[in-house]
Amino acid sequence: MESVISKTRTMLLVKGLIMLLLSALIFMNPAEAILTYAVYIGIGAVLSGVLVLFKSISSRSEAKGWGWGALEGLLDLFIGYVLLSNPGLTAEILPFVIGFWAAFYGIMLIIDAFSGNGSLMLKLLAGILILIVANVMIVNPLAAGMSLAVWVAVILLISGIYNIVVYFSTKNL
């Protein structure tokens, strides 16, 4: 059981650091083309998907609810593949793709908040904030497209901070 906790903690830190790095790259280069952001996010989604999927599968015999993590990893891999495989299409649908990905992630955080593991308030707050940003992106893709870099960076920043806070808050396990 300790190895599962250790793997989970390490994956949270790695995932959080990847998200913060991607957020910083986007904030530092706001004038870059939307295709560049799609590549950044595609790479991040693939890396995140591989890490989450690996963690979920490797802890399936010891952790209940591992299927939700596997689903999250597969969704991240799929989104990464879509973003990296067709840059032209990506530019057109990026607000929707990122919005739905963020909505799924926010819903997963809210569901997980009531699982009894970790901080209820932290997961709820991060999930609600991510859902609000996702809703803006889905409902008004034109506005989201015009400021996509900022919205994506905000989602990655919130997600990265959340993962790192959870990593350090579970240090005593």
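**Exercise 1. Burial and overall layout**

Work out what share of the protein's residues count as buried, and which elements build the chain.

*Solution.* Start with burial: 40% of the 173 residues in the protein count as buried. Keep in mind that you're working with a predicted model. Next, tally the secondary structure: there are seven helices and zero strands. Reading along the sequence then gives you α-α-α-α-α-α-α. Last, look at the contacts between residues at least 6 apart in sequence: 70% of them join residues at least 24 apart.

**Exercise 2. The α5/α7 pair**

Find how the axes of helix α5 and helix α7 are oriented: roughly parallel or roughly antiparallel? Then say which residues make the contact.

*Solution.* Step one is the geometry. Helix α5 covers residues 120-139 and helix α7 covers residues 148-169; their axes come within 10 Å and cross at roughly 165°. Anything over 145 degrees counts as roughly antiparallel, so α5 is roughly antiparallel to α7.

Step two is handedness: the crossing of α5 and α7 is left-handed.

Step three is the list of residues. From α5 you get Leu122, Lys123, Ala126, Leu129, Ile130, Val133, Val136 and Met137. From α7 you get Leu148, Trp151, Val152, Val154, Ile155, Ile158, Ser159, Tyr162, Val165 and Val166.

Step four sorts them by class: the contact of α5 with α7 has 16 nonpolar residues, one polar and one charged.

**Exercise 3. A lysine in the α5/α7 contact**

Decide whether lysine 123 is buried or exposed, and find the side chain with which its own side chain makes a polar contact.

*Solution.* First, place the residue: lysine 123 sits in helix α5, and it takes part in the contact with α7. Now check accessibility. The cut-off for buried is under 20%, and lysine 123 has a relative accessible area of 5%, so it is buried. For the partner, look at aspartate 112: its side chain makes a polar contact with the side chain of lysine 123, at 2.8 Å. To finish, collect the neighbours. Skipping residues up to four places away in sequence, lysine 123 touches Leu109, Asp112, Ala113, Ser115, Asn117, Gly118 and Tyr162.

**Exercise 4. Valine 152 and its partners**

Which residues does valine 152 touch, once residues up to four places away in sequence are left out?

*Solution.* Valine 152 lies in helix α7 and is buried, with a relative accessible area of 5%. Its partners are Ile26, Ile41, Ile98 and Met137. Take isoleucine 41 and check the spacing: 111 residues separate it from valine 152 along the chain, yet the C-alpha atoms are 8.6 Å apart.

**Exercise 5. A serine in α1**

Find which backbone oxygen lies 3.0 Å from a polar side-chain atom of serine 23.

*Solution.* Serine 23 belongs to helix α1, residues 2-28. With a relative accessible area of 1%, it is buried. The backbone oxygen you want is that of alanine 153. Alanine 153 turns up again in the contact list: leaving out neighbours within four places in sequence, serine 23 is in contact with Ala153, Leu156 and Leu157.

**Exercise 6. One residue in α4, one in α3**

Classify alanine 103 and tyrosine 81 by accessibility: is each buried or exposed?

*Solution.* Begin with alanine 103, in helix α4 (residues 87-113). Its relative accessibility is 13%, so it counts as buried. Apart from neighbours within four places in sequence, alanine 103 contacts Leu131, Ala134 and Ile138. Methionine 137 is 34 residues away from alanine 103 in sequence, with 9.7 Å between the C-alpha atoms.

Now for tyrosine 81, in helix α3 (residues 66-85). The cut-off for exposed is over 50%, and tyrosine 81 has a relative accessible area of 56%, so it is exposed. For a distance check, use valine 39: it is 42 residues from tyrosine 81 along the chain, and their C-alpha atoms are separated by 10.0 Å.

Key: Residues numbered from 1 in each chain as written. Predicted model: local features only at pLDDT ≥ 70, side-chain atom pairs only at ≥ 80, totals over all residues. Heavy atoms only, no water. Axes fitted to C-alpha atoms, helices over the stretch in contact; angles between N-to-C directions. Helix = DSSP H or I, 4+ residues; strand = E, 2+ residues; numbered from the N terminus. Parallel < 35°, antiparallel > 145°, perpendicular 65-115°, else oblique. Left-handed = near helix turned anticlockwise from the far one by under 90°. Contact = heavy atoms within 4.5 Å. Nonpolar A, V, L, I, M, F, W, Y, C, P; charged D, E, K, R; others polar. Buried < 20%, exposed > 50% of the residue type's maximum accessible area, 1.4 Å probe, protein only. Polar contact = N/O pair within 3.5 Å; in protein donor to acceptor, adjacent residues only side chain to side chain.
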